[in-house]
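Please look over the model below. A few questions on its fold and its domain interface follow.

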Amino acid sequence: MFDSITLGQYYQTDSALHRLDPRVKLVGTFAYLIALFVVDSWVGYLLAALFLAAMIKLSNVPFRYIVRGMKTILFLLVITVCFNLFLTPGEVIWQFGFLKMSKEGLSFAIKMALRLSLLILGSSIMTLTTTPTQLTDALESLMRPLKKVHVPVHEISMMMSIALRFIPILMEETDKIMKAQIARGADFESKNLIKKIKSLVPLLVPLFISAFRRANDLAMAMEARCYRGGEGRTKMKPLVYKGRDRAAYGVLLLYFAACIATRVIF
């Protein structure tokens with residue numbers, strides 16, 4: 001049931017993106033997400049889609065595997081499109097009762113759907129090609145200047161990495177609990193809203209207990225291994241920029257400049 005969630009999962013394969021420095025991928029993802037809010041024309045969205053298609057090709061991750069993550073935001077996508085479609089004022093092109101669809105609303109709804117879809121797919125590419133350990137190292141390295149103002153950089157990076165790693169684990173745990181409850185007669189498919197809310201109680205209670213148990217086990221494991229934070233710790237594989245990483249930064253800079261140019265020109 002939850003196998004469609006790809007965010008937070010790592011896809012093991014060999015590709016140009018897998019071999020890149022995780023700092024490049026993290027910066028590149030943030031740059032891509034910012035660029036999605038910079039562009040405001042069809043040419044800009046086409047450029048963003050082509051750039052994402054190139055990254056998917058370089059990742060060697062099957063396109064079907066990436067796209068199935070869109071199932072989890074389908075409801076949110078439909079709601080967002082409907083709100084923008086019928087609540088944006090402008091030139092009315094269709095009307096049924098109190099529902100009015102404007103030309104501006106149609107354009108804005110399509111752009112918003114494209115933006116959300118590209119945002120989710122772009123974020124998934126980073127997690128599919130980068131292990132949680134690499135993400136932790138990249139976050140810590142990029143936020144290192146904040147140590148001068150006494151920000152616990154290592155601890156923040158560790159918490160974000162653990163949270164990201166727990167997403168697929170908790171989804172798998174939820175699926176197991178749901179199947180166990182269904183075998184005992186629970187009804188999660190009822191169309192009655194009140195019954196549906198009540199059916200969540202036997203699901204959420206064991207899920208929270210399982211999450212706290214896993215968190216306690218993780219804390220005990222870290223304690224047993226004498227974990228005391230990032231101060232004085234060394235790394236088995238220190239991050240070092242290579243030629244391909246600098247070339248990737250150059251491509252990102254060109255892409256971001258092209259996005260700004262599309263907003264100015266178009």
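A polar contact is a pair of N or O atoms within 3.5 Å; within protein, one must be able to donate a hydrogen and the other to accept it. The model discussed here is predicted.

Q: How many residue pairs are in polar contact between domain 1 and domain 2?
A: Both partners must have pLDDT 80 or more to enter this count. For salt bridges across the interface of domain 1 and domain 2, the rule finds zero. For polar contact between domain 1 and domain 2, the count is one residue pair.

Q: What secondary structure does the chain hold, and in which pattern?
A: The chain comes to 10 helices and two strands. Along the sequence, the pattern reads α-α-α-α-α-β-β-α-α-α-α-α.

Q: Where do domain 1 and domain 2 lie along the chain, and how far apart are their C-alpha centres?
A: Domain 2 covers 131-233. Domain 1 is made of two stretches, 1-130 and 240-266. The C-alpha trace of the whole chain spans about 65 × 60 × 40 Å along its principal axes. Between the C-alpha centres of domain 1 and domain 2 the distance is 26 Å.

Q: What share of the area buried between domain 1 and domain 2 comes from carbon and sulfur atoms?
A: Contact involves 16 residues of domain 1 and 15 residues of domain 2. The area buried between the two domains is about 1,400 Å². Carbon and sulfur atoms give 79%.

Q: Which element gives the most residues to the side of domain 1 that touches domain 2?
A: Two helices each supply at least two residues of that side: α2 (22-38) and α6 (103-129). The residues of that side divide into two charged, five polar and nine nonpolar. The top contributor, with five residues, is α2.

Q: Is the aromatic pair of Tyr32 and Phe51 stacked or edge-to-face?
A: The structure holds six aromatic pairs, and Tyr32 with Phe51 is one of the pairs. The ring centres of Tyr32 and Phe51 lie 5.9 Å apart, with 25° between the planes. Planes under 30 degrees apart count as stacked, so the pair of Tyr32 and Phe51 is stacked.

Q: Which helices does the pair of Tyr32 and Phe51 link?
A: The two residues are 19 residues apart, and the pair links distant parts of the chain. Phe51 sits in α3 (residues 42-59) and Tyr32 in α2. The helices linked are α2 and α3.

Technical notes: Residues numbered from 1 in each chain as written. Predicted model: local features only at pLDDT ≥ 70, side-chain atom pairs only at ≥ 80, totals over all residues. Heavy atoms only, no water. Domains from an automatic or database assignment. Contact = heavy atoms within 4.5 Å. Buried area = accessible area lost by both parts, 1.4 Å probe. Salt bridge = Lys/Arg side-chain N within 4 Å of Asp/Glu carboxyl O. Polar contact = N/O pair within 3.5 Å; in protein donor to acceptor, adjacent residues only side chain to side chain. Helix = DSSP H or I, 4+ residues; strand = E, 2+ residues; numbered from the N terminus. Nonpolar A, V, L, I, M, F, W, Y, C, P; charged D, E, K, R; others polar. Phe/Tyr/Trp six-rings, centres within 6.5 Å; stacked < 30°, edge-to-face > 60°.
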